[in-house]
Amino acid sequence: MISLRQHAISLVAVFLALALGLFLGSGFVGDRVNSMTGTSRDRIGDLEEQRDDLNAKLNAANSFDLAIGPRLIANTLRGQSVLVVTAPNAAEADVDAVKENISGAGARFAGQIALSESLLSDQNAEQLRTIVDQTIPPGAILRAELTDSGSRAGDLLGTLVLSGKSTRPASSADRRTGLAALRDGGFIDYANNAVTPADLMVVVTGDEFGPDSGAEGALVARLAAAASVRGVGGVLVGRTGSANGGSPIAVVRADPSLANAVSTVDNVDQPTGLITTVLALAAEGKGATGSYGTGAGATAVTVGADGKPAA
């Protein structure tokens, strides 16, 4: 049996429900919600306008770089020869653009060597070291302080194909033998008879290496640094984001000994980065090494007029 108290509570609940319905129907809350939503829409609209404005400025800057780039790099590498080395994650478009700019700067293209996934794998480190030790050209000595597989492979590649101010590359026969041994082992790839002695080297990588990449970034970083010092100089380049995490550029910039051996450019997918790649190669030829771009650890956006990192 329902008590008088329970009946009263039920009636109060009914009246409260009716009152709430009338309140909502009056439009007061609805107007408040619409007001808040309108404010949010205005804010979103402002942000979209800012985004569009920034995109327009970026497109204008890229258009300017594309237009002025050929003038900036013209003849900056005249008389030099450049070897291109690609990491497995390098974007084909970036590699083609780098080679085009190298040619536009007056350099001789000395060939292209592709590093394989097998080379980057920890599981094949011992096999790689064995092949490296067995293919050292007669009379050549790899640096004893370089003990990891990446540095040893880079030192051998530099010995085979690069020439410095006081060093010469291996003979044609020794170069063919050494490169063939690395290719037969599944560690590199290249076109037959397409790799010739070079003064400078550019190593092209791609985006940020993922968290599951292990020591792959460190291997590419050490290979690039070890090979570069065998020649006049070298540059390690990557796409926007390539200076993060365990990526090769991030590894180089975190280690002064590597950063002093090879220059880095972290935005080769942008016109500015392509221009900087060529200017960095030219600066390496004059003994100046730098960290360029917009990513973590960069000390300058590009190379200054004096051939050193711009302030």
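Start with the whole chain on screen: of its 311 residues, 44% are buried. What you're looking at is a predicted model. Switch to a cartoon view and you can follow eleven helices and seven strands. Now turn on a surface. The accessible area is about 15900 Å², and carbon and sulfur atoms account for 56% of it. One more thing before zooming in: take the contacts between residues at least 6 apart in sequence, and 72% of them join residues at least 24 apart.

**Stop 1: two helices that cross**

Select residues 149–161, which is helix α6, and residues 216–228, which is helix α8. A pair of packed helices is described by the angle between their axes and the distance between those axes. Here the axes come within 7 Å and cross at roughly 35°. The crossing of α6 past α8 is right-handed. Show side chains next. On the α6 side, the contact is made by Ser149, Gly150, Ser151, Ala153, Gly154, Asp155, Leu157 and Gly158, while α8 brings Leu219, Arg222, Leu223, Ala226 and Ala227. Colour them by class and you'll get six nonpolar, five polar and two charged residues.

**Stop 2: Leu160**

Stay on helix α6 and pick Leu160. Is Leu160 buried or exposed? Its relative accessibility is 0%, so Leu160 counts as buried. Who surrounds it? Setting aside neighbours within four places in sequence, Leu160 is in contact with Pro137, Pro169, Ala170, Asp174, Arg175, Gly178 and Leu179. Try a distance label from Leu160 to Asp174: they are 14 residues apart in sequence, and their C-alpha atoms are 7.4 Å apart in space.

**Stop 3: the nonpolar cores**

Select Leu83, Ile113, Leu119, Leu179, Leu182, Ile188 and Leu236. These have the most contacts inside the largest nonpolar core, a group of 45 residues. Which element gives the largest share of this core? That's α8, with eight residues. There's also a second, separate core of 31 residues, and Ala105, Val202, Ala282 and Ala288 are among them.

Go back to Ile113 and show what it touches. Leaving out neighbours within four places in sequence, Ile113 is in contact with Leu83, Val84, Val85, Thr86, Leu157, Leu179, Ile188, Asp189, Tyr190 and Val195. You've met Leu157 already, on the α6 side of the helix contact.

**Stop 4: Ala250**

Jump to helix α9, residues 248–254, and click on Ala250. Buried means under 20% relative accessible area. Ala250 has 14% relative accessibility, so it counts as buried. Beyond its neighbours within four places in sequence, Ala250 is in contact with Ser242, Ala243, Asn244 and Gly245. Now add Glu208: this residue and Ala250 are 42 apart in sequence, with 9.2 Å between their C-alpha atoms.

**Stop 5: two asparagines in loops**

Most residues other than glycine have a negative phi. Your last two picks go the other way. Select Asn75, in the loop between α2 (28–73) and β1 (81–86). Its phi is near 65°, a positive value. Asn75 counts as partly exposed because its relative accessibility is 46%.

Then move to Asn193, in the loop between β3 (188–189) and β4 (200–204). Phi of Asn193 is positive too, near 60°. How exposed is Asn193? Its relative accessible area is 71%, so Asn193 counts as exposed.

Key: Residues are numbered from 1 along each chain as its sequence is written. This is a predicted model: local features need pLDDT of at least 70, side-chain atom pairs count only at pLDDT 80 or more; totals for chains, interfaces and linings use all residues. Side-chain values use heavy atoms; hydrogens and water are left out. Axes are lines fitted to C-alpha atoms, for helices over the stretch in contact, and angles run from 0 to 180 degrees between N-to-C directions. Helices (H or I, at least four residues) and strands (E, at least two) are DSSP runs, numbered from the N terminus. A crossing is left-handed if the near helix is turned anticlockwise from the far one by less than a right angle, and right-handed if clockwise. Contact means heavy atoms within 4.5 Å. Ala, Val, Leu, Ile, Met, Phe, Trp, Tyr, Cys and Pro count as nonpolar, Asp, Glu, Lys and Arg as charged, and the others, Gly among them, as polar. A nonpolar core is a set of buried Ala, Val, Leu, Ile, Met, Phe, Trp, Tyr and Cys residues joined through side-chain atoms within 4.5 Å. Buried means under 20% relative accessible area, exposed over 50%, partly exposed in between (1.4 Å probe, protein chains only). Accessible areas come from the Shrake-Rupley method with a 1.4 Å probe; for residues, only the protein chains shown count as cover.
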